[in-house]
Each structure stands twice: as C-alpha cells, then as structure tokens.
Amino acid sequence: MKVRLLDPSDARAYQRLRLLALQETPTAFSASYGDEAGRSMDEVAARITPAADGSICVLGIFERDELAGFVVVIHPQREKLCHAVELAGMYVAPTFRRRGFGRTLLKVTVAHVQSIAGVRQIKLGVNATNTGAKALYQSIGFASYGVEPDALRVDGTFYGEEHYVLRIDPLA
Ligand SMILES: CC(C)(COP(=O)(O)OP(=O)(O)OC[C@H]1O[C@@H](n2cnc3c(N)ncnc32)[C@H](O)[C@@H]1OP(=O)(O)O)[C@@H](O)C(=O)NCCC(=O)NCCS
C-alpha cells in the first residue's frame, strides 16, 4: 500500500469511490449521494487538486495502482484558526477493510499535518454510532471531547456527532 496526495489525474477513481462511499455508508458523511452525483470530472478534479494556499488537499491510499481509500485535510488559513487542521470524509473501500489501510492512511496523514508549521491539533467529527471508525481514531490517540446531539439526519433518523481531537507537537 502507498499513500500520496491526489491530483487531477485521480478524479475519475476518486469520484467512483466517493459515490460508493455516499451510497454504502450514508450515515458516515454529511454530504449525500444526490449532492455529489451530478459533478463533472472538471469539478471533481478541481476539488481534489491541492489548494495553492495549502487550505485543502486529499490524501489517497493505493493498493498497487487502485485507489482504496482517502481522507480530506482542511487547513484553515485564518490567523486565529490555522493551528488546527480538520480531517473529513475518511473512507476505505469495503474490499480493503480490516487490513490496516485506514490506520496507515491516518498515520501518514497525521505525519503530513505534523509537517505543517504551527499546527498543534487535528480534529474530526464522527457519527457517534460508528464504533469501527471511533476505535480507529482512538487507537491513533484521538480523544473524544463531546457529542453534538442530532447533528445529522439521514432518512428521517437523527444521529449525534462525536468530536475528536489529537494534540500534536507544533514544529514552530
Ligand atoms: C472506518 C474505516 C475508515 C476503517 O478503515 P479500515 O481500513 O477497515 O481500518 P483498519 O483496518 O486500519 O483498522 C484499524 C483499527 O480500527 C478499528 N476498526 C476498524 N473497523 C472496525 C470495525 N468495523 N469494528 C471495530 N473496529 C474497527 C480496529 O481497532 C482496527 O484495528 P484491528 O483491525 O487491529 O482490530 C472504514 O471501515 C470505512 O471506510 N468505513 C465506512 C466509512 C466511515 O465510517 N468513515 C469514517 C467517517 S468519520
């Protein structure tokens, strides 16, 4: 397995996996399949291209040349918020699960974030019922600091969103 930043050449593979994610586990994401199914390849390519200002990028994990999973890294550029990076949309395709892809992707992502000067914490939100993802985040060292009740409504059912933070040593 190999982890690298996605670029426009990954647009087709990313969109295929992203739409699978939204169909397969709708309760794990705030976006819906309908929100994203109509996007053109140009739009998708633009969304996964690492931002010139460093505010957003997508890391993908590959098995041979196949995209197996991804996570979005959001780095606010505003002065008062730029020490805290957010992770979103983490997904590993069903055929690759429970083989360490998620943990490897997360560890490489944490190392990537650690290399950004001044960042001292990484945060993310997870459906409070998602025990598998929560176990993964906890195994890396993320600590839960609260649950927003009824944060998500999927097909008429409400779900809490559990918030996690990982404190890291800033390089600068
Ligand atoms: C959550 C997810 C990313 C985990 O990916 P993965 O590649 O299967 O994770 P790993 O194989 O690296 O597992 C690492 C650890 O996480 C925990 N874990 C992962 N899936 C689990 C599950 N279904 N049940 C219990 N623990 C689980 C385990 O502690 C596991 O370690 P172990 O296999 O040594 O016991 C993947 O299941 C997924 O994409 N799920 C659907 C989307 C989703 O929930 N995304 C998270 C949004 S916040």
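A polar contact is a pair of N or O atoms within 3.5 Å. The exercises below concern a predicted model.

**Exercise 1. The ligand**

Task: Determine which residues are closest to the ligand and which backbone atoms lie at short range from its nitrogen and oxygen atoms.

Solution.
1. The ligand is surrounded by 21 residues. The closest are Met 90, Val 92, Gly 102, Arg 103 and Asn 130.
2. For Met 90, a backbone N or O atom lies 2.8 Å from a nitrogen atom of the ligand.
3. For Arg 103, a polar backbone atom is 2.7 Å from an oxygen atom of the ligand.
4. For Arg 98, the distance between a polar backbone atom and an oxygen atom of the ligand is 2.9 Å.
5. The cut-off for a polar contact is 3.5 Å, and the pairs are at 2.8 Å for Met 90, 2.7 Å for Arg 103 and 2.9 Å for Arg 98.

**Exercise 2. The sheet**

Task: State the order of the strands in the open sheet and identify its edge strands.

Solution.
1. The open sheet has seven strands, in the order β1-β2-β3-β4-β5-β7-β6, and its pairing is mixed.
2. The edge strands are β1 (2–5) and β6 (143–154), each of which pairs on one side only.
3. From one strand to the next, the twist averages 25°.
4. In general, strands of a sheet pair through backbone hydrogen bonds, either parallel or antiparallel.
5. An antiparallel pair is formed by β3 and β4, over five bridges. Here Gly 69 stands opposite Val 92 of β4.
6. A parallel pair is formed by β4 and β5, joined by three bridges. Val 85 has Ile 122 of β5 as its bridge partner, and Glu 86 has Lys 123 of β5.
7. Helix α4 lies across several strands, β1, β2 (56–63), β3 (66–74), β4, β5 and β7, and runs at about 145° to β2.

**Exercise 3. Buried parts of β5 and α5**

Task: Establish why β5 is described as largely enclosed, and where the buried residues of α5 lie around the axis of that helix.

Solution.
1. A residue counts as buried when its relative accessible area is under 20%.
2. In β5, five of the seven residues are buried, so the strand is largely enclosed by the rest of the structure.
3. In helix α5 (residues 131–140), the buried residues are Ala 133, Lys 134, Leu 136, Tyr 137 and Ile 140.
4. Viewed down the axis of α5, these buried residues fall within an arc of 160°, so they line one face of the helix.
5. The elements that cover them include β4 (84–92), α4 (101–114), β5 (121–127) and β7 (157–167).
6. Just after α5 comes Gly 141, which has a positive phi of about 115°.

**Exercise 4. Two loop residues**

Task: Decide whether His 75 and Ala 37 are buried, partly exposed or exposed, and list their contacts beyond neighbours within four places in sequence.

Solution.
1. His 75 lies in the loop between β3 and β4. Its relative accessible area is 10%, so His 75 is buried.
2. Apart from neighbours within four places in sequence, His 75 contacts Gly 54, Ser 55, Cys 82, Val 85, Ile 116 and Val 119.
3. Ala 37 is in the loop between α2 (33–36) and α3 (41–48). With a relative accessible area of 36%, Ala 37 is partly exposed.
4. With the same neighbours left aside, Ala 37 is in contact with Gln 15 and Leu 19.
5. The C-alpha atoms of Ala 37 and Ala 51 are separated by 22 Å, these residues being 14 residues apart along the chain.

**Exercise 5. Positive phi outside glycine**

Task: Locate Asp 150 and Asp 155, and give the phi value of each.

Solution.
1. Most residues other than glycine have a negative phi.
2. Asp 150 is in strand β6, and its phi is near 50°, a positive value.
3. Asp 155 belongs to the loop between β6 and β7. Its phi is also positive, at about 50°, although Asp 155 is not a glycine.
4. Asp 155 has a relative accessible area of 78%, so it is exposed.

Notes. Residues are numbered from 1 along each chain as its sequence is written. This is a predicted model: local features need pLDDT of at least 70, side-chain atom pairs count only at pLDDT 80 or more; totals for chains, interfaces and linings use all residues. Side-chain values use heavy atoms; hydrogens and water are left out. Buried means under 20% relative accessible area, exposed over 50%, partly exposed in between (1.4 Å probe, protein chains only). Helices (H or I, at least four residues) and strands (E, at least two) are DSSP runs, numbered from the N terminus. The arc is that of the directions from the helix axis to the C-beta atoms. Contact means heavy atoms within 4.5 Å. Two strands pair if DSSP finds at least two bridges between them. Axes are lines fitted to C-alpha atoms, for helices over the stretch in contact, and angles run from 0 to 180 degrees between N-to-C directions. A residue is near a molecule or strand if one of its heavy atoms lies within 4 Å of it. A polar contact is a pair of N or O atoms within 3.5 Å; within protein, one must be able to donate a hydrogen and the other to accept it, and residues adjacent in sequence count only if both atoms are side-chain atoms.
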